[in-house]
Amino acid sequence: MLIIQLCFFDACISIILEQKFTMRIVSFIVFCMFINVSIAQNRAESEVKNTIIKFFDAFHKQDSVAINALVSKDIILQSIGKNKEGVVQLKEEKFNAFLKSIVSIPKDQNFEEKLLDFKIRVDGDMANAWTPYEFWVNGKFSHCGVNSFQLVKLDNAWKIIYLIDTRRKEGCN
C-alpha cells in the first residue's frame with residue numbers, strides 16, 4: 001500500500017510540475033505577445049509623433065513642398081475661436097490658402113508654434129494626436145490652444161487628413 005501511495009504521490013507531483021511548466025510556457029507566450037503588441041504600438045506612436053514634428057519643422061521653415069508631403073490631398077483644416085463679441089466660431093480654411101499664407105510671411109518675422117505635449121492614440125492605420133501649444137510671434141506670446149490631428153497610414157506613411165485647433169489668449173498656463 002505504501003508503494004502505491006508513493007507512486008500516486010510521484011505521479012501527482014509530476015502532473016503538478018508539468019502543469020506549472022505548461023503554465024510558465026503559456027505565461028511566457030502571452031508575455032511575448034504583449035511585448036510585441038506594445039513595441040508595435042510604441043513604434044506607431046513614434047511614427048505619428050515624428051510626422052507631426054516634421055509638419056511643424058516644415059511650417060516654421062515655410063516649406064510648402066515638405067508640408068504637402070506630410071498631408072493627404074484632401075486634408076481638412078479648421079479652427080475654433082471667438083469673434084470680437086465672444087461668440088464661438090468654427091472656421092474652415094482651404095489648404096492652398098493655408099500654404100500661401102505660410103509662405104507669404106515675411107522672412108524677418110519670426111513665428112513659432114511650441115508644442116507642449118503629445119497624446120497619441122493609434123488603432124491600426126488610424127491615429128489621433130492631441131497637442132497643446134503656444135504660438136509666439138517675434139518673441140512675444142500671441143495665443144495658445146490645442147491641435148487635434150487625425151492621421152491615416154497610406155502607402156506605409158502617416159498622412160495628416162484632418163487638423164482642427166483651438167485659439168485663445170486666456171487660460172494658457
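Is Lys 73 buried or exposed? In this predicted model, Lys 73 is exposed, because its relative accessible area is 78%, well clear of the 50% above which a residue is counted that way. With that residue as a way in, the overall layout comes next, followed by the helix, the disulfide and the polar pairs.

The protein contains three helices and seven strands. Taken in sequence order, these elements give the pattern α-α-β-β-α-β-β-β-β-β. Of the 173 residues in the protein, 27% are buried.

Helix 3 spans residues 95-103, and its buried residues are Phe 95, Phe 98, Leu 99 and Ile 102. These residues lie on the same side of helix 3, because the arc they cover around the axis is only 95°. The spacing fits a general rule: with 3.6 residues a turn in an α-helix, residues three or four places apart point the same way. Which exposed residues sit on the face of helix 3 turned away from its buried side? That face carries Asn 96 and Lys 100.

Turning to covalent links, the count of disulfides comes to one. The bond joins Cys 144 to Cys 172, with a sulfur-to-sulfur distance of 2.0 Å. Distant parts of the chain are linked in this way: Cys 144 belongs to strand 6 (residues 140-154), while Cys 172 lies in the segment after strand 7 (157-166), and the two are 28 residues apart. The disulfide is left-handed, because the torsion about the S-S bond of Cys 144 and Cys 172 is about -75°. Both Cys 144 and Cys 172 are buried.

Strand 7 itself offers two neighbouring residues for a closer look. One of them is Ile 164, which is found in strand 7. At 15% relative accessibility, Ile 164 counts as buried, since the cut-off for that class is under 20%. Ile 164 and Ile 76 are separated by 88 residues in sequence, yet their C-alpha atoms are 8.1 Å apart in space. Asp 165 also lies in strand 7. Is Asp 165 buried or exposed? Asp 165 is buried, because its relative accessible area is 9%. Which side chains make polar contacts with the side chain of Asp 165? One partner is the side chain of Ser 79, at 3.1 Å. Another is the side chain of Arg 167, at 2.9 Å.

The structure holds four salt bridges. As a general point, side chains of opposite charge can pair when their charged atoms come close. One of the salt bridges brings together the side chains of Glu 47 and Lys 153, with an N to O distance of 3.2 Å. This pair links distant parts of the chain, Glu 47 being in helix 1 (residues 2-61) and Lys 153 in strand 6, 106 residues apart. Glu 47 is partly exposed, with a relative accessible area of 29%. Lys 153 also counts as partly exposed, at 23% relative accessibility.

Lys 73, met at the outset, takes part in another salt bridge, its side chain meeting that of Asp 74 with an N to O distance of 3.6 Å. Asp 74 counts as exposed, because its relative accessibility is 55%, and Lys 73 is exposed as well, at 78%. A further salt bridge forms between Asp 117 and Lys 119, whose closest N and O atoms are 2.7 Å apart. Here Asp 117 counts as partly exposed at 30% relative accessibility, and Lys 119 is likewise partly exposed, with a relative accessible area of 44%.

The surface has nonpolar character too. Which residues form a nonpolar patch there? Ile 80, Val 88 and Leu 90 do so, and together they have about 260 Å² of accessible area. Leu 90 lies in strand 2, which covers residues 88-93. Leu 90 counts as exposed, because its relative accessibility is 55%.

Methods. Residues are numbered from 1 along each chain as its sequence is written. This is a predicted model: local features need pLDDT of at least 70, side-chain atom pairs count only at pLDDT 80 or more; totals for chains, interfaces and linings use all residues. Side-chain values use heavy atoms; hydrogens and water are left out. Buried means under 20% relative accessible area, exposed over 50%, partly exposed in between (1.4 Å probe, protein chains only). Helices (H or I, at least four residues) and strands (E, at least two) are DSSP runs, numbered from the N terminus. The arc is that of the directions from the helix axis to the C-beta atoms. A disulfide is a pair of cysteine sulfur atoms within 2.5 Å. Patches are made of residues with over 30% relative accessible area and no salt bridge: like charges are joined within 9 Å, nonpolar side chains (Val, Leu, Ile, Met, Phe, Trp, Tyr) within 5 Å. Accessible areas come from the Shrake-Rupley method with a 1.4 Å probe; for residues, only the protein chains shown count as cover. A polar contact is a pair of N or O atoms within 3.5 Å; within protein, one must be able to donate a hydrogen and the other to accept it, and residues adjacent in sequence count only if both atoms are side-chain atoms.
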